[in-house]
Amino acid sequence: MAHILIVDDEKNYRIVLGQLLEGAGHHVTRADNPYAALDILSGEQIDLIISDLKMPRMSGIDFLRHVNDEIGPVPFIMLTAYATVQTALQAMKIGAFDYLLKPFDNEEMLLTVDKALDYSKLQNENWLLRRELEQNRDRTLVGNSPAMESLRNQIAQVAPAKTSILITGESGTGKELVAQALHRLSPRSNKALVSINCAAFAENLLESELFGHERGAFTGALERKKGLMEVSDGGTLFLDEIGEFPLNLQPKLLRVLQEKTFRRVGGTAEISSDIRIIAATHRNLEQMITEGTFREDLYYRLNVVSLHLPPLRHRREDIPLLSQLFLERLSRDMGCPLPQLSSQAQHDLYHYEWPGNVRELQNILERGLLFCDGPTLEQNHLPQQFHSQAPHHNGCSETAAMPLQQPLPEHLETIEQKLIQAALIDARGVQAKAAELLGISRSNLQYKLKKYHLV
C-alpha cells in the first residue's frame, strides 16, 4: 500500500480518483491546490503525487518544480485535459514519471500508478545499495578509477535481481569479491553464499560435490550426500573458474539454470533448488565455444549479465589507495607498526606491470612488511624485480644483464620469477599459454606461481 497525494482544483476528479486508488488498497490524501499540497508534503511521507496540469495561481509544472526544489524527488504523474507534446515533454524533462489525459481510463491509471511506484522502489533500492557499497569500499572493491566506479554502479543495479551473472577478468583481479558484493547486496543475503573452484576438483568429484550422490552410486559412496546445489538453496552459488567446467557435465549445469532442478549422482528423484548462479573466469569462453570445449547455450545462460574486472595495470591510479589499505590491514594483522611507502617504492609499485594483479600487490606488500625494520618501507624491501625496474615485456635481456648481488640459488630464483612474470604478460594471464611459452607443464607452472606468491 502506498500513500498517494492527489492535487486537483476539480472536486469531482479528486473524489473519483481517490475512490479508485483506495479501492486498489492505497492510502489517499487530497489537496485542492498546490500550496495546500506543499504543506502536506512538508509534514507527511508521500510515495506518489498525481497532479492536474492546469490550476489557478500555480500550474502543475510549477508545482513539480517546487516539489523537486523543496521536498526532493517524489514520483509524479501529471493529469491534463490540454495535452500537447510540448507540455508532456516539459513535464517529463523536469522529473514527471508520466502524464495521462483527462478523462482518464481507470485501468490505464492503475497501471501507470503501479509502474511509477515500482520505478521509485527500484531507485530507492539502488541508492541504498550504492550507499552500502560505498560504506564497505575498504573491504570490498577499492578504487576511485572510472572503471571501478562504473563496476560499483553496475553491481548496485543488478544485485537485487535473480539473473545469472558472469564475472570476467584476469587472475588476481578480485572476481570473488564481486560475487561477495552481489550476494551481500541481494535479497538472498540472509542465506548462504557457497563458493567452489571448478578447477580444484577432478571431474567425478566435481559432479558429486555440486549435485550430491546417493548411497552406492560409486565406490566409496557409503551414504547419501547433499551437493552444493542443495546446500545453497535460497542463496547464491559462486562457480569460480567456470572455464574449467568439464564438457560432459555442462548439460547438467544448463538444466539447473533452465529448470532449477537436478538429480544426484546415482539418483532418479528430481530435486528443486532456488539458487542464483554467479560464475567467474579468466578464460575467453567465446574462443572455447569455437574450439568446442564450452557449450554455447550454457554460455548464454550464464552470461545474462557480464561484469568485467580490469587488470591492475589498466587502473594504475588505484594503486596508491590499494597499497595504503593493504599496509594498514597487514600491519594490523601482523601486529607491527604501519610504515610509510618511500617515494621510490611508490614509483616502482605504480610502474610495475602486475601480472598477478591485486592479489600480487597484497603479497608483495606483505613481503615488504616482513623485511621492513623502520618507519619507511623502502625500495630494497621489495622483491628484486622492483629495484629500479621499468615496465618489461619479455624479461630475457634484463635477466641476462643482471649483476650477481645475491647467492646463486636466490639469483636463479629471481631470474625464474621474472621469466614467469614475463610469460604471463605475453600470454595475457592465460596459464596454459604461459606454461607453453616457458616449456613446462601447467601443473609445474602452478606450483611455481604458488611458490613465488604470484597467485
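Q: Is L100 buried or exposed?
A: L100 is buried, with a relative accessible area of 4%. Keep in mind that this is a predicted model.

Q: Where does L100 sit?
A: L100 is in strand β5.

Q: How far apart are the C-alpha atoms of L100 and A81?
A: They are separated by 8.6 Å. Along the chain, L100 and A81 are 19 residues apart.

Q: What about K102, where is that?
A: K102 lies in a loop, the one that runs between β5 (98-101) and α5 (106-135).

Q: Buried or exposed, that lysine K102?
A: K102 counts as buried because its relative accessible area is 11%, and the cut-off for buried is under 20%.

Q: What does the side chain of K102 contact?
A: The side chain of K102 makes a polar contact with the side chain of E10, at 3.5 Å.

Q: Cis or trans, the peptide bond from K102 to P103?
A: That bond is cis, with omega near -10°. P103 is also in the loop between β5 and α5.

Q: Switching to β8. How many of its residues are buried?
A: Strand β8 covers residues 236-240, and 5 of its 5 residues are buried.

Q: Which residues are on which side of β8?
A: T236, F238 and D240 are on one side, with L237 and L239 on the other. Both faces are covered. As background, side chains in a regular strand alternate between the two faces of the sheet.

Q: In what sense do β7 and β8 pair?
A: Strand β7 (residues 193-197) pairs with β8 in the parallel sense, over 5 bridges. In that pairing, N197 stands opposite D240.

Q: And how many bridges join β8 to β11?
A: There are 4 bridges between β8 and strand β11 (residues 276-281), and these two strands run parallel. F238 of β8 stands opposite I278 in β11.

Q: Cysteines next. How many disulfides?
A: The count is 0.

Q: Why no bond for C336?
A: The closest cysteine sulfur, in C372, is 7.9 Å from the sulfur of C336, and that is too far for a bond. The cut-off for a disulfide is within 2.5 Å.

Q: How accessible are C336 and C198?
A: C336 is partly exposed, at a relative accessible area of 25%. C198 is buried, at 2% relative accessibility.

Q: How many cavities are there of 30 Å³ or more?
A: The structure holds 2 of them. The largest cavity has a volume of about 110 Å³.

Q: Which residues lie nearest the centre of the largest cavity?
A: S171, P355, G356, L424 and L454 do, out of 12 residues that line the largest cavity. By type, the lining has 5 nonpolar, 5 polar and 2 charged residues.

Q: W354: what is its phi?
A: Phi of W354 is near 55°, which is positive in a residue other than glycine. W354 is in the loop between α14 (343-351) and α15, and at 0% relative accessibility W354 is buried.

Q: What about R57, what phi does that have?
A: R57 has a positive phi too, about 75°, and is not a glycine. R57 is in the loop between β3 (48-52) and α3 (60-71). R57 is exposed, with a relative accessible area of 71%.

Q: Last one: where is L361 found?
A: L361 is in helix α15, residues 357-371. At 0% relative accessibility L361 is buried. L361 and L322 are 8.4 Å apart in space, C-alpha to C-alpha, and 39 residues apart in sequence.

Note on methods:
Residues numbered from 1 in each chain as written. Predicted model: local features only at pLDDT ≥ 70, side-chain atom pairs only at ≥ 80, totals over all residues. Heavy atoms only, no water. Buried < 20%, exposed > 50% of the residue type's maximum accessible area, 1.4 Å probe, protein only. Pairing = 2+ DSSP bridges. 1 Å grid on protein atoms, 1.4 Å probe; cavity = no way out; pocket = protein on both sides within 12 Å on 5 of 7 lines; lining within 4 Å. Points joined across faces, edges and corners; volume = space filled by probe spheres on them. Nonpolar A, V, L, I, M, F, W, Y, C, P; charged D, E, K, R; others polar. Polar contact = N/O pair within 3.5 Å; in protein donor to acceptor, adjacent residues only side chain to side chain.
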